[in-house]
Amino acid sequence: MSLGCYQTVLFPTEGKSDFSSWNPLKNSQLKGNKISGVKFSNFQVSQRRKCIPMKLKSLLSVDSAVEIEGKEGVNTGSKYDAIVIGSGIGGLVAATQLAVKGAKVLVLEKYVIPGGSSGYYQRDGYTFDVGSSVMFGFSDKGNLNLITQALAAVGREMDVIPDPTTVHFHLPNNLSVQVHREYSEFINELTSKFPHEKEGILKFYGECWKIFNALNSLQLKSLEEPIYLFGQFFQKPLECLTLAYYLPQNAGDIARKYMKDPDLLSFIDAECFIVSTVNALRTPMINAGMVLCDRHFGGINYPVGGVGGIAKSLAEGLIDQGSEILYKANVTNIIIDQGKAVGVKISDGREFFAQTIISNATRWDTFGKLLKAEHLPKEEENFQKVYVKAPSFLSIHMGVKADVLPPDTDCHHFVLEDDWTRLEEPYGSIFLSIPTVLDSSLAPKGRHILHIFTTSPLEDWEGLPPKDYEAKKELIADEIIGRLEKKLFPGLKSSIVFKEVGTPKTHRRYLARDMGTYGPMPRQIPKGLLGMPFNTTGISGLYCVGDSCFPGQGVIAVAFSGVMCAHRVAADIGLEKKSPILDAALLGLLGWLRTLA
Ligand SMILES: NC(=O)c1ccc[n+]([C@@H]2O[C@H](COP(=O)([O-])OP(=O)(O)OC[C@H]3O[C@@H](n4cnc5c(N)ncnc54)[C@H](O)[C@@H]3O)[C@@H](O)[C@H]2O)c1
Ligand SMILES: CC(C)=CCC/C(C)=C/C=C/C(C)=C/C=C/C(C)=C/C=C/C=C(C)/C=C/C=C(C)/C=C/C=C(\C)CCC=C(C)C
């Protein structure tokens, strides 16, 4: 199936009117509405900011980022080394890493473009990021720039724009904190708000750096592969022991060792909530250490042309390696033969076979829908005891008149106005991303994009007649926009020229995630990352990748899960070294450790 060159792809919101009219192939009115004429070389930055694109090198033009190519003639008869279900960043990284090791991979994607939550859609001259927009691991230094490395592995590089402020927090008691790219500036700003806690602040973030530096010194591969793991322990014993020490710990406990001020502890909760959808007491310290430092080490960098270009580049790179990707391929079953996963069936009845099957669908979808209930392994039962689905999102994508934003507005904002206890409540906290502050080419001239999202449970949106559903979307969106108008941008409502609201039903439908979930979150206080499963599953030949695997939510996190998965699969199909005896011992040990969580 080829959608042809320059087909504009739409990611519609769920609603009667959107559904009845949606067909990406028919949207010829938007054909040619690609961000034409813009090349990375003469890319123009919004005049509000002096952001200079990092000249990494560009092999992609923005035009090609909009072109989507399906793969014709995928052969149902041939046997692949691996079939990957889903082309989220986790799935694509696993697929590309395997392909460069020499494996023949087939990616089956339900939607018409790659990327999942890191995809994009276009409307009226705007290019919107579907979900993720704060890119960790996308710098040109260190070992943890996994997005950069994943692209480089398949010969792709993208121009990126450094974001001077990771996020601007607007919190209760008029606490406003900008997380500057420069660590010292951030620490100065935070200690100026909490001078009595200076020592505690330095100690807490100092522990984060210990973790980050240990992670950054390792060569990252599968922690389920003993030859690699023991090799790392041998080469970097201190760093590995540091990580092993922090593995079962949570950020909130460590913060409480050093800090007492309740507002400061709540600030640490907000820092963690952004990356884990739970407070600091439930956020694994390794994850906190990773993100709270990477933003200062490599910095947050936004890809020119939008986040969707990353998945597009990976998919192109995959095809260059001789592997395949098939869009509109909705996997309905994983085929099991004598207890081993051997293939998949898609909704049009075709079957594909491979030595290994990798699912980038969530574990709830993989084990609840793609496999029959009797295949639920004990390990998955345990996972579902320790982790629950985080709520879904209400998202509002808007185009606004540019002059509504004050000069020097930051790209990312987090807003929780009056009451700390509302942090984790549905519709309590508001995330706001304004990517046009960095890349003005994403919107028509004189306009900015506002991508607003807030947590929202699917249950709030079920069983409503279409008219009530539409009315509720408008009502809730209006409230959220009103809050931003009051807190940040007076006159916001009257500046709106485009608005589209997506509900949890939209996310469920177009991201194929059970209940539209954002990802897994611990049911109670977890033992850090100890309970999070890696990539192998209780079913031989079946692997999982993505945010319901170690280390959890986040684009960089799922990229790491992709790297780990590819390494483990490569060892199992003979493309990497493997020791069956050590394998059995390590997998047994890791399984036992998880039962302690
Ligand atoms: N607002 C946000 O910023 C936001 C929102 C949600 C998720 N995220 C992040 O996105 C990342 C998720 O990445 P990921 O790699 O785990 O997955 P993903 O959910 O982004 O992608 C999974 C892909 O698999 C496809 N798929 C699922 N089931 C399928 C099936 N049966 N057949 C064929 N295709 C199928 C989906 O269409 C999707 O493209 C996480 O990092 C998460 O934190 C961010
Ligand atoms: C095995 C054993 C037992 C032991 C051994 C020891 C060792 C060696 C260990 C090791 C470990 C490791 C390597 C680990 C690793 C880890 C990692 C890499 C991690 C990572 C993580 C990441 C993350 C978590 C991320 C996240 C992020 C996110 C989620 C983001 C988000 C964002 C958003 C939401 C946006 C916002 C917006 C606004 C504000 C607007």
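This is a short tour of the structure, stop by stop, with something to select at each one. Keep in mind that you are looking at a predicted model.

**Stop 1: the two domains**

Start by colouring the domains. Domain 1 is assembled from the segments 1–6, 35–160, 300–382 and 532–597, while domain 2 is the stretch 391–516. Now look at where they touch: 31 residues of domain 1 and 26 residues of domain 2 take part in the contact. On the domain 1 side, select strand 4 (126–129) and helix 13 (363–370), each of which supplies at least two residues. Strand 4 gives the largest share of that side, with 4 residues. If you colour the domain 1 side by class, you will find 14 nonpolar, 10 polar and 7 charged residues.

**Stop 2: ligand 1**

Next, select ligand 1 and show what surrounds it. The shell holds 36 residues, and the closest are Gly-86, Gly-88, Gly-90, Gly-116 and Gly-546. Helix 3 and helix 17 are the elements that give two or more residues to this shell. By class, the residues around ligand 1 are 15 nonpolar, 16 polar and 5 charged. Where does ligand 1 lie with respect to domain 1 and domain 2? Both domains give residues to its shell, so ligand 1 lies between them.

**Stop 3: helix 3 against helix 17**

Keep those two helices on screen. Helix 3 covers residues 89–100, and its axis runs 7 Å from that of helix 17, at an angle of about 35°. Their crossing is right-handed. To see the contact itself, show side chains from helix 3, including Ile-89, Val-93 and Leu-98, together with some from helix 17, among them Val-558, Gly-562 and Ala-566. This contact consists of 12 nonpolar and 4 polar residues, with no charged ones.

**Stop 4: ligand 2**

Move on to ligand 2. Here 32 residues form the surroundings, with Leu-243, Asn-287, Pro-551, Gly-554 and Ala-557 the closest. Several elements give two or more residues to this shell: helix 8 (237–246), helix 10 (262–276), helix 11 (285–299), strand 15 (412–415), strand 16 (430–433) and helix 17 (555–572). Which of the elements supplies the largest share of the shell around ligand 2? Select helix 11, which contributes 4 residues. Colouring by class shows 24 nonpolar and 8 polar residues around ligand 2, and no charged ones. Domain 1 and domain 2 each provide at least three residues of this shell.

**Stop 5: the seven-stranded sheet**

For the last stop, switch to a cartoon view and find the open sheet of 7 strands. Reading across, the order is 7-6-15-16-17-14-18, and the pairing is mixed. Strand 7 (175–180) and strand 18 (496–502) are at the edges with a single partner strand each, so one side of each has no neighbour in the sheet. Ignoring direction, neighbouring strands are turned by 15° against each other on average.

Zoom in on one edge, where strand 14 (residues 392–401) pairs with strand 18 in the antiparallel sense over 6 bridges. Pick Met-398 there: its bridge partner in strand 18 is Lys-499.

Then go to the other edge. Strand 6 (residues 165–171) and strand 7 are antiparallel too, pairing over 5 bridges. His-170 has Ser-176 of strand 7 as its bridge partner. These two strands form a hairpin with 3 residues between them, and in its turn you can select Asn-173, which has a positive phi of about 60°.

Terms used
Residues are numbered from 1 along each chain as its sequence is written. Chains are lettered from A and ligands numbered from 1 in the order in which they are written. This is a predicted model: local features need pLDDT of at least 70, side-chain atom pairs count only at pLDDT 80 or more; totals for chains, interfaces and linings use all residues. A residue is near a molecule or strand if its C-beta atom, placed from the backbone, lies within 6 Å of it. Ala, Val, Leu, Ile, Met, Phe, Trp, Tyr, Cys and Pro count as nonpolar, Asp, Glu, Lys and Arg as charged, and the others, Gly among them, as polar. Domain bounds come from an automatic or database domain assignment. Axes are lines fitted to C-alpha atoms, for helices over the stretch in contact, and angles run from 0 to 180 degrees between N-to-C directions. A crossing is left-handed if the near helix is turned anticlockwise from the far one by less than a right angle, and right-handed if clockwise. Two residues are in contact if their C-beta atoms, placed from the backbone, lie within 7 Å. Two strands pair if DSSP finds at least two bridges between them.
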